[in-house]
Amino acid sequence: MFSLIFHGRKSVELQKWRNLRVSVSIVQNAFPSTTKSFSSTIAKDSSTFTVSYLVESLGLTKKLAETISKKVTFQDKVNPDSVLNLLRSNGFKDSQISRIIRAYPRLLVTDAEKSLRPKLQFLKSRGASSSEVIEIVSNVPTILDKKGEETVSLYYDFVKDIMQDGKSLCISCPEGKKGNRIRNISVLRELGVPQKLLFSLLISRYQPVCGKEKFEESLKKVVDMGFDPAKSKFVEALHVVYEMSEKTIEEKVNVYKRLGFSEAEIWAIFKKWPYFLKFSEKKIILMFETLKKCGLVEEEIISVLKSRPQCIRSSEQKILDSIEMFLGLGFSRDDFKMMVKRYPCCTAYSGETLRKKFEVLVKMMNWPLEAVVMIPTVLGYSLEKRIVPRSNVIKALMSKGLIGSENPPISSVLVCTDQEFLKRYVMKHDKLVPKLMAIFNRGRVS
């Protein structure tokens, strides 16, 4: 009898739940835009909270915090606070924690007590001192993402061996991808690949170190090409060669040859930026056509890509928007063409960044547009670290009549090191040095 009553109540509850689900579904279907808007608002609020938290709790820049918020978000500080407090109680400095979060943002939503604390304790149980745990986690944060004591132990032993610059690897490598990864990274270490690059290869899931025969073949090709193992381009080239077949590489080379590049030029660019061969034929041709819309002819396009092959990453729309932005600021199409030839990166900056620099260079400092066209690299200088501090010093000197009423050349002010600038415009004014240095350092981002 009791079971029948219980079953009856359960059936009623189940029916209520079904009715509720139907009601919610009806509401969602009746007001789809409202539902989407609500979800969008929640996501936006979470992202905004995350950015504020990262800036206030770790002192990150807003730009960096926004980048991290694209990888992880949270709506309150309970879990992130518990993670940060645990790391601090284990001796991690805020600078080290910031470095860890930049590399492994999802640590902030990890359960501090059930997941993070046991892993830190396990690393210590392996014989690591507190300072060693801090150094290992700071260098390879995603060791905290590894599951199972056997895997964590394997990575710990290997990372410690690399940090101690062990001459021979005394770790028993398992079979499969983990074993291949560790053996291959050991080979790279013996070739002279630096720690930082070894660590990135160790922790990433998308690296050319999991295979065996393919890895050996790719490595031989990269070494034979003359890449320096101590430079990051060595690993970049290994990426490209490992991921692409001989046939695919040959097809990419032929695309560039049809566009006017010689084979020697193609391989010279590859040595400069290996990812040059990673783009599809469609993307390569589209970039060529887009640069023609900027007014460049074939020889000029080849020259631009030889000096700055990374331009090929830019989208057609971004470059076209860049043209409109420069025209809106008063530059002519010929000016834009000249700037692209001299400094291809000028197409990569956002409209907001360009407008801010234009305000200082042209409107505040009264340098003519022609000066920017002649030396477009000034657009690449930091507004906070270089352009504004130096411009303020020049303005102060002009107001006191110490350098005449006309601006010194833009190259004299901006195209030099800090030491040269200070020697040229500050140190010669003995009594004013403290005031000029205060102006120079005011609000300067280190």
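**Exercise 1. A pair within one helix**

Lys292 and Glu289 share helix 15 (residues 281-293), where they sit three residues apart, about one turn of the helix. The model you are looking at is a predicted one. Your task: find out what joins the side chains of Lys292 and Glu289, and how far apart N and O are.

*Solution.* Start with the two side chains: those of Lys292 and Glu289 meet in a salt bridge, with 3.7 Å from N to O. That fits the rule, because a salt bridge needs a side-chain nitrogen of Lys or Arg within 4 Å of a carboxyl oxygen of Asp or Glu. Next, look at the surroundings. Lys292 is partly exposed, at 40% relative accessibility. Glu289 is partly exposed too, with a relative accessible area of 38%.

**Exercise 2. From helix 15 to another helix**

Now work out which residue forms a salt bridge with Lys293, and which helices the pair links.

*Solution.* The partner of Lys293 is Glu316, and their closest N and O atoms are 2.8 Å apart. This pair links distant parts of the chain: Lys293 belongs to helix 15, Glu316 to helix 17 (residues 316-328), and 23 residues separate them. For the last step, check accessibility. Lys293 has a relative accessible area of 46% and is therefore partly exposed. Glu316, at 25% relative accessibility, also counts as partly exposed.

**Exercise 3. A salt bridge between helices 14 and 16**

Find the residue that forms a salt bridge with Lys306, then decide how each of the two counts in terms of accessibility.

*Solution.* Lys306 pairs with Glu265, and the closest N and O atoms lie 3.2 Å apart. Here again distant parts of the chain are linked: Lys306 is in helix 16 (residues 298-307) and Glu265 in helix 14 (residues 263-272), 41 residues apart. Lys306 has 36% relative accessibility, so it counts as partly exposed. Glu265 has 23%, so it counts as partly exposed as well.

To finish, place these pairs in the wider picture. How many salt bridges does the rule give? The count comes to 16. Some residues are linked in a network of salt bridges: Glu300, Lys337 and Lys341.

**Exercise 4. The cavity**

Search the whole structure for cavities of 30 Å³ or more, and describe the lining of the largest cavity.

*Solution.* The search finds one such cavity. Its volume is about 40 Å³. The lining is made up of Phe326, Leu329, Phe331, Leu354, Phe358, Leu361, Val372 and Leu379. Sort these residues by kind: eight are nonpolar, none polar and none charged. Which helix gives the most to the lining? Helix 19 (residues 351-364) does, with three residues.

**Exercise 5. Surface and interior**

Compare two leucines: is Leu191 buried or partly exposed, and is Leu116 buried or exposed?

*Solution.* Take Leu191 to begin with. This residue lies in helix 9 (residues 177-191). Leu191 has a relative accessible area of 36% and is therefore partly exposed. Together with Val187 and Val223, Leu191 forms a nonpolar patch on the surface, with about 200 Å² of accessible area together.

Then turn to Leu116, which is found in helix 6 (residues 112-125). Leu116 has 1% relative accessibility and so counts as buried, since buried means under 20%. One more step shows how the chain folds here: Leu116 and Val83 are 33 residues apart in sequence, and their C-alpha atoms are 7.7 Å apart in space.

Conventions
Residues are numbered from 1 along each chain as its sequence is written. This is a predicted model: local features need pLDDT of at least 70, side-chain atom pairs count only at pLDDT 80 or more; totals for chains, interfaces and linings use all residues. Side-chain values use heavy atoms; hydrogens and water are left out. On a 1 Å grid over the protein atoms alone, a cavity is a set of points where a 1.4 Å probe fits but cannot get out, and a pocket is an open set with protein on both sides within 12 Å along at least five of seven lines; lining residues have an atom within 4 Å of a point. Grid points are joined across faces, edges and corners, and a volume is the space filled by probe spheres set on the points. Helices (H or I, at least four residues) and strands (E, at least two) are DSSP runs, numbered from the N terminus. Ala, Val, Leu, Ile, Met, Phe, Trp, Tyr, Cys and Pro count as nonpolar, Asp, Glu, Lys and Arg as charged, and the others, Gly among them, as polar. Patches are made of residues with over 30% relative accessible area and no salt bridge: like charges are joined within 9 Å, nonpolar side chains (Val, Leu, Ile, Met, Phe, Trp, Tyr) within 5 Å. Accessible areas come from the Shrake-Rupley method with a 1.4 Å probe; for residues, only the protein chains shown count as cover. Buried means under 20% relative accessible area, exposed over 50%, partly exposed in between (1.4 Å probe, protein chains only).
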